[in-house]
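Open your viewer and keep the selection tool handy. We will make a few stops together, picking out one group of residues at a time.

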Amino acid sequence: MRKPIIAGNWKMNKTPAEARALVEALVPLAADAQCDVVVCTPAVDFAAVSEVIRGTNIKLGAQNMHWKESGAYTGELSADMLKAYGVEYVILGHSERRQYFGETDTTVNLRVLAAVKAGLTPIICVGEKKEEREAGYTDALVSYQTKIALSGLTADEVRHVVIAYEPVWAIGTGLTATDEQANETIGVIREAVRSVYGDAADDVRIQYGGSMNPKNCKGLMAQPEIDGGLIGGASLKAEDFSKVVHFDA
Ligand code: PGA
């Protein structure tokens, strides 16, 4: 059985003081969650957030990392820098990184390999744009993105990664994939993993992401292939995020 995992992606929101207030409100609300609970915060919030969540069931995640250990890479952060703050998860290949910052399937793969080597759990994002879905490319595209992202990992390493299926047209738009659409495409991603790594595919947790919120989380989480959510907007308020971690309609 795969344990569900709900992760908040705060994106470029919350100063350290705001971050502290949000997690202080979240800790008691999320204490009885039955799933893994992660908050992926801006790096400047790591210190404040890690202090508040110490000893609780909430884990800390980052939103990106570089694949090199150190060097002349202005503006980047290494795995060791994240780990120094207690970071355990890292989002990689988010569509906003791909769209606005030139991230490619190849650089996503380099980051995934470095994260796994460092003992971090990657949350690897894949997903199609609106015109790609309309043209009928969704299954081929998400399969390709998934296989490249995982390339070079062993089957045992693949068992421990998290994948987030995030249709680009559903992110921050208020449009959500239907429960069935999300379930079907996540099934396609799982079969892509199976075609290379065999039954490791049964252990990989695959989240849905894209306007998931307190209203639609129950239906999505009831789908057999959906193992959790990557939550943007609805992770910025403790009450909303708490409802999602309880799959509460
Ligand atoms: P959203 O963002 O929930 O605000 O659509 C999800 C994401 O980008 O991870």
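Start by selecting Asp 105, Thr 106, Val 108, Asn 109 and Val 112 in H5, then add Tyr 144, Gln 145, Ile 148, Ala 149 and Leu 150 in H7; these two sets of residues meet each other. Color them by class and you should find six nonpolar, three polar and one charged residues in this contact of H5 with H7. Please keep in mind that you are looking at a predicted model.

Now show the whole helices: H5 covers residues 105-117 and H7 covers residues 138-150. Their axes are 7 Å apart and the packing angle is about 40°, so H5 and H7 are oblique to each other. The crossing of H5 and H7 is right-handed.

Next, select helix H1 (residues 16-30) and helix H2 (residues 46-53), which pack at an angle of about 20° with axes 8 Å apart. H1 is therefore roughly parallel to H2. Their crossing is right-handed. To see the contact, pick Pro 16, Ala 19, Arg 20, Val 23, Glu 24 and Val 27 on H1, and Ala 48, Val 49, Glu 51, Val 52 and Ile 53 on H2. This contact of H1 with H2 has eight nonpolar residues, no polar ones and three charged ones.

For the last stop, center on the ligand. Which residues are closest to the ligand? Of the 13 that surround the ligand, the closest are Lys 11, His 94, Glu 166, Gly 172 and Ser 211. Then try some distances: a polar side-chain atom of Asn 9 lies 3.4 Å from a ligand oxygen atom. A polar backbone atom of Gly 232 is 2.9 Å from an oxygen atom of the ligand, and for a polar backbone atom of Gly 233 the distance to a ligand oxygen atom is 2.9 Å.

Terms used
Residues numbered from 1 in each chain as written. Predicted model: local features only at pLDDT ≥ 70, side-chain atom pairs only at ≥ 80, totals over all residues. Heavy atoms only, no water. Axes fitted to C-alpha atoms, helices over the stretch in contact; angles between N-to-C directions. Helix = DSSP H or I, 4+ residues; strand = E, 2+ residues; numbered from the N terminus. Parallel < 35°, antiparallel > 145°, perpendicular 65-115°, else oblique. Left-handed = near helix turned anticlockwise from the far one by under 90°. Contact = heavy atoms within 4.5 Å. Nonpolar A, V, L, I, M, F, W, Y, C, P; charged D, E, K, R; others polar. Near = heavy atom within 4 Å. Polar contact = N/O pair within 3.5 Å; in protein donor to acceptor, adjacent residues only side chain to side chain.
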